[in-house]
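Q: Please give a close account of one part of this model, the aromatic pairs and their surroundings. A connected description would be preferred to a list.

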Amino acid sequence: MDEALVMKKTSSFSAGTLLARLVLIVAGLSALVPVLWTFINSFKNRVDIVSAVPKFIFTPTLENYAYVLGREAVAQGLVNSILVVGAAVVIGAVLGLPAAYALARYPLRWADDIQFFVLSMRFLPPVAVAIPLMVIWLQLELYDTRFALIVTYTLLTLSTVIWLAIPAFKAVPKEVEEAGRVDGYGPYAIFFRVSLPIAARSLIGAIAFGFVLVWNEFLIALMLTTSDAKTLPIVASELSQLGRDVPWGILNASVILLSVPPLLMVGVLSGFLNAAFKRKREAA
């Protein structure tokens, strides 16, 4: 009877595992297939894209990428996006990680209210934030400047980093920090040499999520820029403003090019932080 019970539990466990894996595979394909199809279409001519029957065999072309990369507006938008988003993420991490650690390790009377206020900054629709900010930057004569976008995006990354970093610091064992105090570490040394390296993986995810969030941001950038500080999503959207004659190949190429920088920068950031924290652990 025990053997039958064990076999029943094993079969139910196997069925549950198989179902979970099937769900993960379907979810992965639902996210991967559109990206793969966009990548394929970026090498097609417009005639092949708008064909009633999808074409998997076609003559590839690089004209779409050449057109996108040859536009001066794209180069300017790429520079603006890298500078604005990079500065906003760095400032958000420098200010947000210590704030998250303080809320996680030194809870105040209003700690829960502070966390809810930080999260509530993401509740507001972008248009409700963009219009007052547009008025403020116009009055300060900083409208359509990188500085205005950096300050605005810093508010977005700061709230995201704080909210996602608090659970990461709470997961750090207090015994490890107490051992650091016994070794003579002060509060700052414990933060930089103990808690930060242990929570590094989760913190990298929080920073990367904040980066992707502001890199793809569209509405606020549309409201706060006109020409000088336009980011890459705004420039990419302008490529579709051709009425019915939509250049689908160019749009697909612009989407792929828009996705490459965040992937590269997130990879570089992850490798850099992992290497830095590894050196600190070895030195300690």
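A: Two rings of Phe, Tyr or Trp (the six-membered ring of Trp) are taken as a pair if their centres lie within 6.5 Å; planes under 30 degrees apart are called stacked, those over 60 edge-to-face, and the rest tilted. By this criterion the structure holds eight aromatic pairs. The model is predicted, so that local features need pLDDT of at least 70 and side-chain atom pairs count only at pLDDT 80 or more, while totals for chains, interfaces and linings use all residues. Numbering starts from 1 along each chain as its sequence is written, and side-chain values rest on heavy atoms, with hydrogens and water left out.

One of the pairs joins Tyr-101 to Phe-169 in an edge-to-face arrangement, with 5.3 Å from centre to centre and 80° between the planes. Tyr-101 belongs to helix H4 (residues 72-105) and Phe-169 to helix H7 (residues 146-170), so this pair ties together parts that lie 68 residues apart in sequence; helices here are DSSP runs (H or I, at least four residues), numbered from the N terminus. Tyr-101 and Phe-169 are both buried, a term for under 20% relative accessible area, with over 50% called exposed and values in between partly exposed (1.4 Å probe, protein chains only). Ring pairs also draw Phe-191 and Phe-192 into a cluster with Tyr-101 and Phe-169.

Tyr-101 has a further role in the packing of H4 against helix H9: together with Leu-97 and Pro-98 of H4, Tyr-101 meets Ile-190, Phe-191, Ser-195 and Leu-196 of H9, where contact means heavy atoms within 4.5 Å. This contact of H4 with H9 comprises six nonpolar residues, one polar and no charged ones. In that division Ala, Val, Leu, Ile, Met, Phe, Trp, Tyr, Cys and Pro are nonpolar, Asp, Glu, Lys and Arg are charged, and the others, including Gly, are polar. The axes of H4 and H9 come within 12 Å and cross at roughly 90°; axes are lines fitted to C-alpha atoms, for helices over the stretch in contact, and angles between N-to-C directions run from 0 to 180 degrees. H4 and H9 are therefore roughly perpendicular to each other, the term for 65 to 115 degrees, whereas under 35 is roughly parallel, over 145 roughly antiparallel and the rest oblique.

H9 (residues 187-198) also packs against helix H8 (residues 174-182), their axes coming within 10 Å and crossing at roughly 155°. That angle makes H8 roughly antiparallel to H9. On the H8 side the contact is made by Val-176, Glu-177 and Arg-181, and on the H9 side by Ile-190, Val-194, Ser-195 and Ile-198. By class, the contact of H8 with H9 has four nonpolar, one polar and two charged residues. Ile-190 and Ser-195 thus appear in the contact with H8 and in that with H4.

A second aromatic pair may be set beside that of Tyr-101 and Phe-169. The rings of Phe-211 and Trp-215 have centres 5.7 Å apart and planes at 25°, so they are stacked. Both residues lie in helix H10 (residues 200-215), four residues apart, which is about one turn of the helix. Phe-211 has a relative accessible area of 6% and is buried; Trp-215, at 2%, is buried as well.

Definitions and conventions:
Helix = DSSP H or I, 4+ residues; strand = E, 2+ residues; numbered from the N terminus.
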